[in-house]
Amino acid sequence: MGIAKQAATLRAARNSASIRAFHPAGTVKCDGVRLFRSQSARDVGCLLDVNPSVASWRCMPMPFGVAGIAHVPDFQVFDEDGAILYLDAPDRAMSVDTTLLAAEAERLNARYRLLERGEIYDGFRLRNAKDLLRYAGTVTPLSDRLRLLTALDEHGSLPLAECLKAFQETRPVPGIASLILHGYVEVDLDDVPLGPETAVRRISR
């Protein structure tokens with residue numbers, strides 16, 4: 001597929017997405033414009049933001065040209081180890097066989113996957129990710145960060161309710177959410193909704 005045709009296909013896909021708003025609005029690892037084809041695609045983006053193995057991700061990268069059809073994946077994902085993965089959300093109506101897309105991705109030294117619905121909507125990870133991403137724009141001041149990390153160094157882990165007491169310069173919930181999203185501390189996002197008893201641990205750097 002020619003470069004001009006690829007660019008036209010990408011512009012059309014982005015223009016169709018740009019008129020839609022999907023929640024939550026904030027991201028922490030998105031590199032570039034935040035344009036989502038559907039709410040399901042937005043939900044995948046939420047999970048990418050809380051996946052520690054993901055370094056960054058992009059919405060609607062340059063299209064694949066397969067069998068004369070232009071396919072714009074929902075995401076291009078860059079892993080911490082340098083690997084590249086192209087992803088489509090589970091609601092994607094496919095006009096190209098996924099095996100052909102996987103072969104094209106391999107040609108580009110990458111991988112391709114069409115996600116299954118259960119990978120996104122089973123369990124509590126998506127719900128917890130959306131709760132945290134409400135505060136994606138918060139920057140936790142150094143003083144609050146130091147107080148919390150020092151307390152975690154002393155105790156190993158603390159309940160979320162206890163961690164909130166460390167915040168003096170910023171509001172506690174946005175402050176702890178920011179530290180989770182930016183990889184200073186970690187919590188279990190899978191088993192239950194975040195609550196006062198959720199254990200918070202420091203991430204070693």
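The largest pocket of this predicted model has a volume of about 450 Å³. Its lining is made up of 22 residues, and those nearest the centre are Val50, Pro52, Ile180, Gly183 and Ile203. Strand E1 (54-59), helix H8 (172-181) and strand E8 each give two or more residues to this lining. Sorted by class, the lining residues comprise 11 nonpolar, 3 polar and 8 charged.

From the pocket, the description turns to the nonpolar interior. In soluble globular proteins, nonpolar side chains tend to be buried together. Here the largest nonpolar core contains 42 residues, and Trp57, Phe75, Leu148, Ile176 and Val185 have the most contacts inside it. Among the elements that supply at least two residues each to this core are helix H2 (39-49), E1, strand E4 (75-79), strand E5 (84-88), helix H6 (142-155) and H8. A second core, separate from this one, has 8 residues, including Val96, Leu101, Ala110 and Tyr112.

Ile176 illustrates how the largest core is connected. Apart from neighbours within four places in sequence, Ile176 is in contact with Leu148, Leu160, Cys163, Leu164, Phe167, Val185 and Val200.

A final residue to examine is Thr198, which is located in the loop between strand E8 (185-186) and strand E9 (199-202). Is Thr198 buried or exposed? Thr198 counts as buried because its relative accessibility is 9%, and buried means under 20%. With neighbours within four places in sequence left aside, the residues in contact with Thr198 are Leu158, Pro159, Leu160, Val187 and Pro193. In addition, a polar atom of the Thr198 side chain lies 2.9 Å from the backbone nitrogen of Gly195.

Definitions and conventions
Residues are numbered from 1 along each chain as its sequence is written. This is a predicted model: local features need pLDDT of at least 70, side-chain atom pairs count only at pLDDT 80 or more; totals for chains, interfaces and linings use all residues. Side-chain values use heavy atoms; hydrogens and water are left out. Helices (H or I, at least four residues) and strands (E, at least two) are DSSP runs, numbered from the N terminus. Buried means under 20% relative accessible area, exposed over 50%, partly exposed in between (1.4 Å probe, protein chains only). A polar contact is a pair of N or O atoms within 3.5 Å; within protein, one must be able to donate a hydrogen and the other to accept it, and residues adjacent in sequence count only if both atoms are side-chain atoms. Contact means heavy atoms within 4.5 Å. On a 1 Å grid over the protein atoms alone, a cavity is a set of points where a 1.4 Å probe fits but cannot get out, and a pocket is an open set with protein on both sides within 12 Å along at least five of seven lines; lining residues have an atom within 4 Å of a point. Grid points are joined across faces, edges and corners, and a volume is the space filled by probe spheres set on the points. Ala, Val, Leu, Ile, Met, Phe, Trp, Tyr, Cys and Pro count as nonpolar, Asp, Glu, Lys and Arg as charged, and the others, Gly among them, as polar. A nonpolar core is a set of buried Ala, Val, Leu, Ile, Met, Phe, Trp, Tyr and Cys residues joined through side-chain atoms within 4.5 Å.
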